[in-house]
Amino acid sequence: MPFTVCINGQDSEQPPRAGQCLRTYLREQGWTGVKKGCDSGDCGACTVHVDGMAVHSCLYPAHRIDGRTVTTVEGLSTGGLLHPVQEAFARAQGFQCGYCTPGFVMTVAALNRPQLGDLPQALKGNLCRCTGYQSISRAVEATCEHGSPPSVPHCDPGSADPATRDVVTGAACFTLDEPEPEGMLHLALVRSPHRHARILDIDTRAALAVPGVHAVLTHRHAPVTRFSTALHERTEDDPLDLRVLDDVVRHVGQRVAAVIADHPAPAQEAGRLVRVTYQVLPAVATAEEAMRPGAVRVGDGPNVIAHLHRSTGDVDRGLAEADTVYDRTFTTQRVQHTTLECHGSRVWRDREGRLRVHTSTQAPHLVRRRLCDIFGLDPQQVRVTAGRVGGAFGGKQDVLTEDITTLACLRTGRPVQLELSRTDELTATTTRHPFKTRVTIGSRRDGTLTAMKVHVIADTGAYGNHGPSVLETGCAEGLAPYRCPNTAVHGYSVRTHNVPSGAFRGYGAAQIVFAVESALDDIAHRLGLDPLTMRERACLGPADRAVFPGVGEQPARMGTALHDVLAALRRVREDRRLKRARPAAPGCRVGEGLAVAAHHSVPADGHLAQAKASLAADGRYDLITGAPEFGSGAGTALCRIAARTLGTSPARIRLHQADTDFLERDTGGFASTAMALTGQAVTRACQELAGLLTGTAAAFTGTPSGACRLTDDTVHCAGTSVPLTDLHCYAQSAGLCLQAEATAAADDAELSLSVSAQWFRIGVDPDTGIISVLDSVHIADAGGIVHTEQSRAQVEGAVVQGLGCTLGEELTTGPDGHITTRDLRSYTIPLFGDFPPTHVQFIDRDSTTAPKPLAELAINPIAPALANAVHDALGIRVSTLPLRPDSIWSALASTTGRSRAGARGARQGSIVRGGEPS
Amino acid sequence: MDLTAVREVVDGQIALPWRQGDAWLAGGTALFAEPRPGLRRLRDLTTLDWPPLTVTEAGIEVAATCTITDLLAFAETPGAPWPSGRALIAGCCRAFSSSFKVWNTATVGGNLCAALPAGPMISMAVALDGTCRVRGLDGTERAVPVRDFVTGNGSTVLGPGELLRSLTLPAGALAARSLMRRVATHVWGRSVALVTGIRGRPEGRLTVTVTAATSRPVTVSFPCTPCPGELRGRLLPALPCQLLLDDVHGRPRWRRHLAVHLAEEVRSTLAEER
């Protein structure tokens with residue numbers, strides 16, 4: 001009997017391959033709304049309905065759809081009308097990057113009434129990394145009133161992501177959702193099983209004999225150029241230490257060979273047949289080991305790739321003057337971005353023979369520059385684009401696939417694609433730098449600091465990408481909020497035979513903030529001070545400048561940011577203490593904790609943003625910026641800035657992003673520069689365009705240009721109205737170009753600080769060590785907020801990602817250097833309902849105040865605020881992340897053991913008896 | 001994910017000799033969750049159309065291919081017999097860390113055969129004194145008590161080509177007072193320790209089983225309800241370090257503490273119910 005299936009109302013007779021899962025079958029049939037997040041049934045991004053039943057299509061054997069009906073997100077809406085669930089997600093803006101949205105929509109659409117009543121259980125099979133689930137929760141709650149129109153108010157069109165409809169219907173094109181270039185081949189990687197080894201021989205014969213295999217590439221085919229995967233405006237910021245394929249491997253999981261075949265299956269199968277002979281070499285597993293004299297060298301140079309020594313005043317004298325001296329070492333673990341979209345790229349030649357690179361990146365222009373450096377290509381002959389990016393968090397600020405796909409395309413002359421698996425993501429892409437931070441602080445009785453000494457060792461992994469910058473930025477920003485006349489920092493970025501660390505939200509500061517803010521909390525307890533008062537005494541006043549400089553060697557000015565944030569936190573804290581949003585469970589110990597953090601208003605990395613604005617024939621505007629949309633909502637805010645400057649509504653702005661052909665230069669979307677720099681470039685370009693439009697209208701109507709005024713879609717010239725469509729016609733005939741371009745450079749900016757503070761109230765179950773967050777407050781000063789909802793969503797997401805990185809997430813490495821957390825069952829990120837909503841409040845600044853960065857900063861105070869709450873609840877200081885329940889329990893068990901034995905036991909927080917009043 | 005080495009999917013009813021690279025396919029949710037470079041042929045059991053649940057006075061026979069969703073629906077049917085046993089079944093179904101979407105196709109037999117420490121169907125079947133019907137390729141059958149079926153983390157008594165036909169839960173156990181308690185780091189996440197207790201089979205006897213914390217089920221049994229110290233005294237030596245799991249979800253000492261803690265909760269709750 002012939003195979004037949006009905007997908008979204010269309011019959012197909014194409015039988016699946018043996019062993020194929022439904023996910024890949026559906027995508028091959030063109031239903032690219034079905035996403036791959038994990039391929040192991042854990043994330044739900046591939047959810048579809050088979051005969052009305054919701055399944056994870058990555059686990060569903062495709063041969064079983066014979067004779068059945070399949071509905072994907074593309075088939076959910078009927079007759080152009082959105083399904084109520086799609087409508088609710090659109091109205092509530094229940095997404096950021098939007099990659100998980102099709103899966104959420106398909107899941108919620110399948111929920112029955114009892115399931116809608118228990119969302120944490122019903123939605124535990126759907127992961128979102130961007131939102132922290134708060135906006136999703138609002139969307140789902142709206143759908144609970146099935147039948148009636150969703151009650152979530154329409155956000156005004158200017159607030160919504162312009163791609164909203166595409167996101168909720170599955171039409172939004174992420175990197176690998178574009179139609180494939182004809183004749184595209186697939187690449188599979190052979191990876192090193194050793195920490196450190198020399199490749200003596202690679203036998204590719206068996207692999208090449210597999211039908212469908214076109215080529216097997218090894219170090220013999222790779223350019224000798226050494227480069228860094230890190231993408232920075234200044235190439236010299238990172239050591240050039242990596243080859244596309246090398247004859248020495250320096251971490252488990254490093255690429256050894258690339259198999260290129262017609263299809264992923266033969267590529268993978270042939271990959272297993274590549275025989276590599278290794279000479280295994282001794283390896284260093286930790287940064288301390290790598291720093292010892294005579295330690296095995298990881299790369300060509302010394303293992304310490306960057307030193308940082310900065311000091312002011314006299315630390316020893318400051319310590320001598322202190323009433324109390326605190327000294328402790330804090331360590332942070334290796335964590336991973338876990339964007340729902342895995343890295344992937346495609347490379348091919350276009351009709352003109354130019355090299356086309358389409359990739360999931362935060363920085364298309366820098367990818368182009370890097371590829372040109374590696375392969376000696378002319379930038380004019382390379383065009384790099386990005387689709388909508390399915391989450392980034394710094395993970396897409398490295399060249400992790402583009403170099404090998406380019407090599408494969410150049411060698412085979414065919415289009416080539418590489419899509420990483422979730423296991424690749426977790427075991428062989430970049431991670432957050434693990435830090436070991438020793439903090440020595442001298443304080444007076446009143447909480448003013450007399451001395452601060454910070455000693456940092458950062459494990460940058462086998463290659464130095466981002467190592468020096470993370471160390472430098474982490475220390476400068478981590479210590480930015482404090483006022484201390486005698487401060488010294490000594491930092492070391494060290495190569496080890498571990499997977500390379502990279503850029504991660506917080507960029508080193510989160511690790512430093514964890515140490516220093518935990519230390520300040522301990523000192524406050526020692527001195528009997530309210531931790532908030534301690535911050536007021538220890539931190540910079542409005543007239544003070546940060547101890548260490550940022551961009552252009554400027555010491556950042558604090559202004560009133562910190563003062564206002566702490567004052568607001570004091571008010572909100574009082575209020576929340578009275579309200580007690582969530583009661584603790586009986587028997588739990590309750591505690592609260594806070595932490596503050598600051599962030600430079602612009603990075604010191606030479607960051608540069610360009611924008612182009614032009615009037616189109618239809619009287620609307622085209623706005624071009626460099627970075628892709630990856631869920632920060634930057635695009636929406638930039639359209640709003642453009643609209644404000646041009647006196648029109650955001651609906652009249654068409655945004656085009658992430659194409660190296662559009663702009664000459666652009667550093668890209670990282671370091672929270674979208675508002676501070678790209679926003680400035682957009683404002684300037686639009687101001688110039690507005691001037692151009694009024695000037696042109698003045699010439700057209702013969703009115704003095706001072707009498708011309710640009711409004712929504714018209715220029716008013718002393719009584720004569722010139723519609724913008726007419727103006728465009730006129731300009732065309734006159735040979736005028738109504739386009740303006742502007743650049744904003746971090747190096748030209750005046751440095752200030754944005755400030756965030758986090759407060760938690762938690763309950764700890766002493767029997768299990770499990771922590772429940774009962775209440776969460778985040779106060780931020782991010783300057784003039786362009787888009788409040790978008791900013792709030794960024795904070796909500798950062799808090800939950802921060803909680804994940806604090807409470808449970810950890811990439812664990814086995815003794816042989818293999819990362820053992822290889823899937824989302826062992827590397828578990830926060831789930832829907834794990835944490836209560838965060839109360840987010842921004843310091844009110846008038847809209848003319850320059851916006852300051854936020855998304856990167858908001859994660860930094862999370863870990864110390866939580867650790868401080870644990871200390872308040874249990875009297876136990878945990879100085880190692882993550883705060884796993886087994887660690888908490890065992891710390892608690894050992895202190896109660898000691899106190900039973902008569903020693904001074906843990907100071908106990910309040911114990912809840914019979915449950916708290918709610 | 002795609003099982004890239006698989007060349008063929010065949011009807012499970014077809015009598016074929018077993019060869020290396022063969023695997024029985026039920027729901028597929030475990031097989032398709034990892035790369036299986038060794039698998040060449042899948043033998044699909046769902047074509048056999050076994051009735052998912054057969055209820056008699058003697059108890060319940062659950063087909064290996066019965067889905068978690070079907071079992072949960074049966075367990076939560078209002079007003080049906082054996083409320084205590086069915087509550088335990090429902091609790092174990094909901095103890096899966098996976099989504100209800102996975103339960104729609106994942107099978108009871110698949111969970112037993114995967115033999116993972118946190119396999120909730122193992123917890124359930126051991127607690128309710130289940131028996132596995134194991135069938136060889138030649139059609140011969142043998143009965144294996146569930147507590148002997150799982151031999152370690154990922155291993156069972158099944159020989160090459162043997163399959164699990166069904167699981168039988170006797171009426172006596174279903175009728176007895178029973179209870180399940182567990183700890184997970186996420187509210188609906190994977191169990192780090194799961195303890196079941198059953199009382200009154202035979203009359204007065206208390207049997208406590210630990211799963212999830214250990215690489216295979218660990219059972220202790222008392223002729224009548226023990227005091228807390230007695231329970232602890234029997235359980236601790238039954239949970240030696242090498243039997244306790246050590247992974248990213250929890251260290252052995254903690255898991256042992258939780259197992260004992262939960263066992264005491266189960267003991268005292270069952271002791272109160274008269």
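These are my notebook entries on the chain contact, the domains of chain A and one annotated stretch of chain B in a predicted model.

**Entry 1, contact between chains A and B.** I looked first at where the two chains meet, and I found that chain A contributes 44 residues to the contact while chain B contributes 37 residues. On the side of chain A that touches chain B, I noted that strand E4 (53-56), helix H5 (119-122), helix H9 (264-271) and helix H24 (885-900) each supply at least two residues. Sorting that side of chain A by class, I got 16 nonpolar, 20 polar and 8 charged residues.

**Entry 2, domains of chain A.** I then looked up the division of chain A, which gives domain 1 (5-173), domain 2 (185-281 + 342-389 + 396-428), domain 3 (435-601 + 750-900) and domain 4 (608-748). For domain 1 and domain 3 of chain A, I recorded C-alpha centres lying 35 Å apart, and I found 22 residues of domain 1 in contact with 16 residues of domain 3. On the domain 1 side of this contact in chain A, H5 and helix H6 (134-144) each supply at least two residues, and the largest share, 3 residues, comes from H6(A). By class, I noted that this side of domain 1 of chain A divides into 10 nonpolar, 9 polar and 3 charged residues.

**Entry 3, annotated stretch of chain B.** From the UniProt record, an unreviewed entry, I took the annotation "domain: FAD-binding PCMH-type", which covers residues 1-174 of chain B. Over residues 1-174 of chain B, I found the chain to be 26% helix and 25% strand, with the end C-alpha atoms 38 Å apart.

Conventions. Residues are numbered from 1 along each chain as its sequence is written. Chains are lettered from A and ligands numbered from 1 in the order in which they are written. This is a predicted model: local features need pLDDT of at least 70, side-chain atom pairs count only at pLDDT 80 or more; totals for chains, interfaces and linings use all residues. Two residues are in contact if their C-beta atoms, placed from the backbone, lie within 7 Å. Helices (H or I, at least four residues) and strands (E, at least two) are DSSP runs, numbered from the N terminus. Ala, Val, Leu, Ile, Met, Phe, Trp, Tyr, Cys and Pro count as nonpolar, Asp, Glu, Lys and Arg as charged, and the others, Gly among them, as polar. Domain bounds come from an automatic or database domain assignment. UniProt positions are given in the numbering used here, feature names are shortened, and annotations may be inferred rather than shown by experiment.
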